[in-house]
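Trainee: Got a minute to go through this model with me? I'd like to start with the charged pairs.
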Amino acid sequence: MTARTKNLGDAGEIFAANYLENHGYKIITKNFRVRSAEIDIVAEIDDVIVFVEVKTRSDTKYGLPSEAVNFRKQQKIIEAASVFLQDEKYFDKACRFDVIEIFSDGVKFSARHIENAFEVNA
């Protein structure tokens with residue numbers, strides 16, 4: 001990952017957090033890590049815990065940002081979410097998994113919020 005890519009990703013996560021707050025979400029934490037998994041943003045709205053994966057792109061040369069949240073990535077997010085829910089003792093809370101696609105030319109940003117982007121398959 002280049003410094004430019006990391007900077008764009010960091011800026012995208014900040015934009016996504018602001019986007020969520022502007023849409024009534026309460027940010028619980030950012031960059032929750034467990035072993036080899038990370039959740040970009042954990043938020044809450046309407047008594048639902050929302051685990052948000054943020055993907056930022058400057059173009060769609062390699063596909064849409066959400067397409068990078070493949071099955072393997074989803075499993076890692078689900079694993080981290082399970083630990084978070086246990087650690088915070090949110091045993092009775094509903095939860096969901098969202099993806100926010102951030103598009104940026106380096107100056108302007110736009111967001112596409114995909115609610116319930118994937119589910120836990122029992």
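Mentor: Sure, start with R96, which forms a salt bridge with E115, their closest N and O atoms being 3.8 Å apart. By salt bridge I mean a side-chain nitrogen of Lys or Arg within 4 Å of a carboxyl oxygen of Asp or Glu. The pair links strand β4, home of R96, to strand β5, home of E115, 19 residues apart. Strands are DSSP runs of E with at least two residues, helices are H or I runs of at least four, and both are numbered from the N terminus.

Trainee: Is R96 buried or exposed?
Mentor: R96 is buried, at 13% relative accessible area, while E115 is partly exposed at 45%. Buried is under 20%, exposed is over 50% and partly exposed is in between, with a 1.4 Å probe and protein chains only.

Trainee: Can I trust the numbers?
Mentor: It's a predicted model, so local features need pLDDT of at least 70 and side-chain atom pairs 80 or more, while totals for chains, interfaces and linings use all residues. Residues are numbered from 1 along each chain as its sequence is written, and side-chain values use heavy atoms, leaving out hydrogens and water.

Trainee: How many salt bridges does the whole structure have?
Mentor: The search finds nine. One of them joins R35 and E79, at 3.2 Å from N to O. R35 sits in the loop between β1 and β2 and E79 in helix α2, so the pair ties together parts 44 residues apart in sequence.

Trainee: New topic: what's the phi of K89?
Mentor: Near 60°, a positive value in a residue other than glycine. K89 is exposed, at 57%.
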